[in-house]
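Okay, thanks for squeezing me in. I'd like to walk you through one model today, so have a look at the screen while I talk.

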Amino acid sequence: MLLALVLGTVVSTRKDRGLLGLKLLLTRELDGTFKPTGNYVVAADAVGAGADEVVLLAQGSSARMTEVSREKPVDAVIVGIVDAVEIGGKDVYLKRAEAAR
């Protein structure tokens, strides 16, 4: 899994039937300091994520293992919204602290 930042929504009026009903979000991979520096990825949303949230992103065959994405033509899916990240006993990311900024 990867950490990513949700940038916004992707709207596609013409798409494969397997994508009907899926919420698609534009995300960008985050580096170890939570800065958006990686690839841009369109991901199906399995958890109700929104703009500016840090999320867990599954890719490849794992992306087709959620209730939302099973048997769907997706290779990236948001499987979690990150509340906190701790490294070495110290909080390096807190969702509530980001919301206060």
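Let me start with a small puzzle: does T66 count as buried or exposed? Keep in mind while you look that this is a predicted model. The place to look is the loop between β4 and β5, where β5 covers 76–81. You might guess either way for a threonine in a loop, but T66 counts as buried, because its relative accessibility is 16% and the cut-off for buried is under 20%.

So what does T66 touch, once we leave out residues up to four places away in sequence? The list is A46, V77 and V79. There's also a polar contact, side chain to side chain, between T66 and S69, at 2.6 Å.

Okay, let's zoom out to the strands. Five of them close into a barrel, and going round the order is β1-β2-β3-β5-β4, with mixed pairing. From one strand to the next, the twist averages 55°.

Let's go through some of the pairings. Take β1, residues 2–10: with β2, residues 24–30, the pairing is antiparallel over six bridges. If you want a landmark there, find V10 and look across to L24 in β2, which stands opposite. β1 also pairs with β4, residues 54–59, again in the antiparallel sense, over four bridges. On that side, L5 has V54 in β4 as its bridge partner.

Now move on to β2 and β3, where β3 is residues 36–45. These two run antiparallel and are joined by six bridges. The landmark here is L25, with A43 of β3 opposite. As a reminder, strands of a sheet pair through backbone hydrogen bonds, either parallel or antiparallel.

Last stop: aromatics. How many aromatic pairs does a search of the whole structure find? Just one. The partners are F34 and Y93, and they're stacked, with 5.3 Å centre to centre and 20° between the planes. Why bring this up? F34 sits in the loop between β2 and β3, while Y93 is in β7, residues 90–94, so the pair ties together parts that are 59 residues apart in sequence.

And how accessible are those two? F34 is buried, with a relative accessible area of 17%. Y93 counts as buried as well, at 6% relative accessibility.

That's my tour, from the T66 loop, round the barrel, to the aromatic pair. Happy to go back to any of it on the screen.

Key
Residues are numbered from 1 along each chain as its sequence is written. This is a predicted model: local features need pLDDT of at least 70, side-chain atom pairs count only at pLDDT 80 or more; totals for chains, interfaces and linings use all residues. Side-chain values use heavy atoms; hydrogens and water are left out. Two strands pair if DSSP finds at least two bridges between them. Axes are lines fitted to C-alpha atoms, for helices over the stretch in contact, and angles run from 0 to 180 degrees between N-to-C directions. Buried means under 20% relative accessible area, exposed over 50%, partly exposed in between (1.4 Å probe, protein chains only). A polar contact is a pair of N or O atoms within 3.5 Å; within protein, one must be able to donate a hydrogen and the other to accept it, and residues adjacent in sequence count only if both atoms are side-chain atoms. Contact means heavy atoms within 4.5 Å. Rings of Phe, Tyr and Trp (its six-membered ring) pair if their centres lie within 6.5 Å; planes under 30 degrees apart count as stacked, over 60 as edge-to-face and the rest as tilted.
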